[in-house]
Amino acid sequence: MPALCEADDGFKYVVKLRGAGHGCKALVAELLGGEVARAFKFRVPEAVFVGLDESFGRTEPDEEVQDLMRSSVGLNLGIHFLTGAVTADPVVNTPDALTSSMVVWLDAFLTNVDRTVRNPNMLVRDNELWLIDHGASFIFHHAMTDPVKAAMSPFPYIKEHAFLRYASRLEECDKIMRSKITPRTLCKIVGLLPDTWLQPETAGGMTPVRQREMYSTFLTTRLANSSVFVNSAIDERRKLI
């Protein structure tokens with residue numbers, strides 16, 4: 001359960017809390033997914049680190065919410081609140097075939113399971129499409145499986161993607177997307193992860209340094225072998241049409 005908060009910089013943020021759901025792994029996926037999308041020049045709300053002290057939410061009457069606030073003391077992730085934005089309808093707000101293909105490519109690359117017709121996680125503001133909520137990406141890190149094996153795997157959940165039906169230019173898109181980013185950029189993005197989110201006790205004892213290496217390996221290997229998930233997405237699209 002995220003919180004809508006006004007920070008001390010005067011801006012409003014949707015704050016993803018470390019004490020909720022999948023804990024810090026969701027924050028890791030949110031930060032990495034959003035910053036990778038930004039590097040590809042998608043519109044993504046600004047992400048900031050948000051510190052919650054022990055007094056935050058002390059007057060909250062709901063005990064469950066108070067428990068969530070207490071377990072989230074420390075470093076959390078804030079996503080800039082887009083005033084005036086509305087939820088995108090995949091049918092009404094469908095972009096052109098290339099843009100649809102690029103969004104599908106991105107989510108297959110990130111293994112994001114949460115961009116479906118039921119829950120598109122996209123907003124429209126001033127007729128512009130914004131991508132939000134990448135916390136369900138990097139599904140391999142919940143089991144801490146081999147990052148190379150995970151990177152070389154297709155992404156069957158792409159069959160549920162909100163834009164797959166309209167993504168008729170996936171093969172062309174693959175060449176475009178691969179030219180937009182480098183392994184060095186991906187490693188720099190991974191370097192943004194704070195140690196406090198990379199908890200050894202939830203990562204099989206791996207140190208923060210080793211966990212960053214794991215994410216970098218996954219991303220760079222997946223980029224180099226994008227045909228694996230692109231061909232899978234093309235096959236799933238054929239079944240739809």
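Four strands form an open sheet in the order E1-E2-E4-E3, with antiparallel pairing. The model is a predicted one. Besides the sheet, this briefing covers the aromatic rings, of which 11 pairs are present in the structure.

**The sheet**

- The edges of the sheet are strand E1 (3-6) and strand E3; each has a single partner strand, so one side of each is left without a neighbour in the sheet.
- On average, neighbouring strands of this sheet are turned by 45° against each other, direction ignored.
- Strand E2 (residues 12-16) pairs with strand E4 (residues 74-80) in the antiparallel sense, over 4 bridges.
- Val15 stands opposite Gly78 in E4.
- Helix H1 lies across E2, E3 and E4 and runs at about 40° to E4.

**Phe40 and Phe109**

- The structure holds 11 aromatic pairs, and one of them joins Phe40 and Phe109 edge-to-face, at 6.3 Å centre to centre with 85° between the planes.
- Phe40 lies in the loop between helix H1 (24-39) and strand E3 (47-52), while Phe109 lies in helix H3 (residues 97-110), so the pair ties together parts that are 69 residues apart in sequence.
- Phe40 is buried, with a relative accessible area of 1%, and Phe109 is buried at 0% relative accessibility.
- One aromatic cluster is formed by Phe40, Trp105, Phe109 and Phe229.

**Phe140 and Phe218**

- The ring centres of Phe140 and Phe218 are 4.5 Å apart and the planes are at 20°, so this pair is stacked.
- Phe140 lies in the loop between strand E7 (128-131) and helix H4 (147-151), and Phe218 in helix H7 (residues 208-224), so the pair ties together parts 78 residues apart in sequence.
- Both Phe140 and Phe218 are buried.

Conventions: Residues are numbered from 1 along each chain as its sequence is written. This is a predicted model: local features need pLDDT of at least 70, side-chain atom pairs count only at pLDDT 80 or more; totals for chains, interfaces and linings use all residues. Side-chain values use heavy atoms; hydrogens and water are left out. Rings of Phe, Tyr and Trp (its six-membered ring) pair if their centres lie within 6.5 Å; planes under 30 degrees apart count as stacked, over 60 as edge-to-face and the rest as tilted. Helices (H or I, at least four residues) and strands (E, at least two) are DSSP runs, numbered from the N terminus. Buried means under 20% relative accessible area, exposed over 50%, partly exposed in between (1.4 Å probe, protein chains only). Two strands pair if DSSP finds at least two bridges between them. Axes are lines fitted to C-alpha atoms, for helices over the stretch in contact, and angles run from 0 to 180 degrees between N-to-C directions. Contact means heavy atoms within 4.5 Å.
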